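Visitor: I should like to learn how to read the features of a protein model. Could you guide me through one?

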Amino acid sequence: MTALPFPHGFLWGAATSAYQIEGDPLADGAGPSIWHRFVHQPGRIANGDTGDLACDHYHRFADDVALMADLGLGAYRFSIAWSRVLPEGRGAVNAKGLDFYRRLTDTLLEHGIQPMITLYHWDLPAALHDRGGWLNPDSPRWFADYARLLFDALDDRVPLWVTLNEPWVVSVLGYLEGELAPGHQDWFETPRVAHHLLLAHAEAVAAYRASGRHRIGLAVNLEPQHPASSAPEDQAAAARRDAFINRWFLDPLLLGVYPSELESLFGPAWPDFADTDLKRIQCATDFIGVNYYSRGLVRAAPGNPPLNAIRVSPTDAPRTAMDWEVYPQGLTDILLWLKDRYGSPSLYITENGAAFDDPPPCHGEVSDPERVDYLRAHLCAAHAAIEQGVDLRGYFAWSLLDNFEWAQGYAKRFGLVQ
């Protein structure tokens, strides 16, 4: 295959998150997070797995950075566990927790690997959850204070910051469907949590503008929504799902308005948000991080609230171990959609990858042709978008290591390294 030329300075990296790899979540004075609580509730996680050990990255980070160097990575996206640094979410700093991230950052730089830090990848300090968590109107200020602490400590060494990872997942899977921490199922809570997350992003960006010297953005999970047929009802269902997944967070951030479909979908649960809030949310974000795994193929399903739509898969389509359709064209589609809808923002692919059922290792290596094919096809799709004018700056594979895959426990493997 002919090598594809990517732009000069294009970042090649891999990504992880704190709770999924670090292990020892209460070490050295750290406080518990909502995920530490959630995994110890019976029946929440497949096989009763927890993140108590995970990949033991907290103790073995130097070995993991050496693995990154061996892979030839030029960048590494990782998240900070808020309650390692601030055990109560606010107030007194845990010096040992903050020092861990200083040492990790310095070790990356010593190996020529550029860090990208995500401030929040779902692990809210339990102490803040006890004060209402993301439902509390003060939560954006809590987050901005935490962000400011990290900017002061690390911005001299970290050129790329992500405020929140996938706020849609936090809101919908955490507060509406209950699949992820904190495990709520409340129609009225969900849009309020989403709104406070957007305000938290805006407050953190404002804090960064006051002292930061580099670039800051938001990472969102996106998937093009394709109707399963040409029937008008399927096309309308795909449009509803597009508003619910793709436009819910990007429209207010980049256009200053919520998608009009959301008020209809939520009905009386949709709050009357203040115009002043929307003006705060619409802020000059330096880039958007795109987390892409598959497309949505959508069929109308009356009586299946809130969307009256379901996601389906072609019967003959290749699938990952998560039962997600392998659809590289969707990455090109969603990158072009971002360019056309929002005026060509700077983009990074902050997550892209697949879980497959790996065979046993042989002589220290795993034969992994499905993952290799998946990554190759999606890199070709990213390159096609660049050729059509998309301002794509980098690609981070999910994930560096097989790790704790949330509600799936250790049953699903996304890692470049077993």
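Guide: The discussion below concerns a predicted model and moves from the whole chain to single residues.

Visitor: How many helices and strands does the protein have?

Guide: The secondary structure consists of 14 helices and eleven strands. The C-alpha trace spans about 55 × 55 × 45 Å along the principal axes.

Visitor: What does the radius of gyration say about the protein?

Guide: The value is read against the one expected for a compact globule with the given number of residues. For 418 residues that expectation is near 22 Å, and the protein has 20 Å, which agrees.

Visitor: Which share of the contacts joins residues at least 24 apart?

Guide: Here one considers contacts between residues at least 6 apart in sequence, and 76% of them join residues at least 24 apart.

Visitor: What can be said of burial and of the surface?

Guide: A residue counts as buried when its relative accessible area is under 20%. Buried residues account for 59% of the 418 residues. The accessible surface is about 16,300 Å², and carbon and sulfur atoms contribute 50% of that area.

Visitor: How many side chains are positive and how many negative?

Guide: There are 33 positive and 53 negative side chains, and the centres of the two sets lie 4 Å apart.

Visitor: Which residues touch the most other members of the largest nonpolar core?

Guide: That core has 140 residues, and Trp 35, Trp 134, Phe 244 and Trp 248 touch the most other members. Helix α9 (residues 189-211) supplies the largest share of this core, eleven residues. Beyond its neighbours within four places in sequence, Trp 248 contacts a set of residues including Trp 168, Leu 198, Tyr 258, Phe 266 and Trp 270.

Visitor: Is Trp 142 buried or exposed?

Guide: Trp 142 counts as buried because its relative accessibility is 2%, under the 20% cut-off. Trp 142 belongs to helix α7 (residues 139-154). Among its contacts beyond four places in sequence are Trp 82, Arg 90 and Arg 131. The C-alpha atoms of Trp 142 and Gly 91 are 10.0 Å apart, although 51 residues separate the two along the chain.

Visitor: Where is Glu 166 placed, and is this residue buried or exposed?

Guide: Glu 166 lies in the loop between β4 (160-165) and α8 (167-175). A charged residue is read by the same cut-off of 20%; Glu 166 has 7% relative accessibility and therefore counts as buried. Not counting residues up to four places away in sequence, Glu 166 touches Trp 122, Ala 219, Val 220, Asn 221, Asn 291 and Glu 351.

Conventions
Residues are numbered from 1 along each chain as its sequence is written. This is a predicted model: local features need pLDDT of at least 70, side-chain atom pairs count only at pLDDT 80 or more; totals for chains, interfaces and linings use all residues. Side-chain values use heavy atoms; hydrogens and water are left out. Helices (H or I, at least four residues) and strands (E, at least two) are DSSP runs, numbered from the N terminus. The radius of gyration is taken over C-alpha atoms; the globule rule is 2.2 Å times the number of residues to the power 0.38. Buried means under 20% relative accessible area, exposed over 50%, partly exposed in between (1.4 Å probe, protein chains only). Contact means heavy atoms within 4.5 Å. Accessible areas come from the Shrake-Rupley method with a 1.4 Å probe; for residues, only the protein chains shown count as cover. Lys and Arg count as positive and Asp and Glu as negative; His and the chain ends are not counted. The place of a charge is taken as NZ of Lys, CZ of Arg, CG of Asp or CD of Glu. A nonpolar core is a set of buried Ala, Val, Leu, Ile, Met, Phe, Trp, Tyr and Cys residues joined through side-chain atoms within 4.5 Å.
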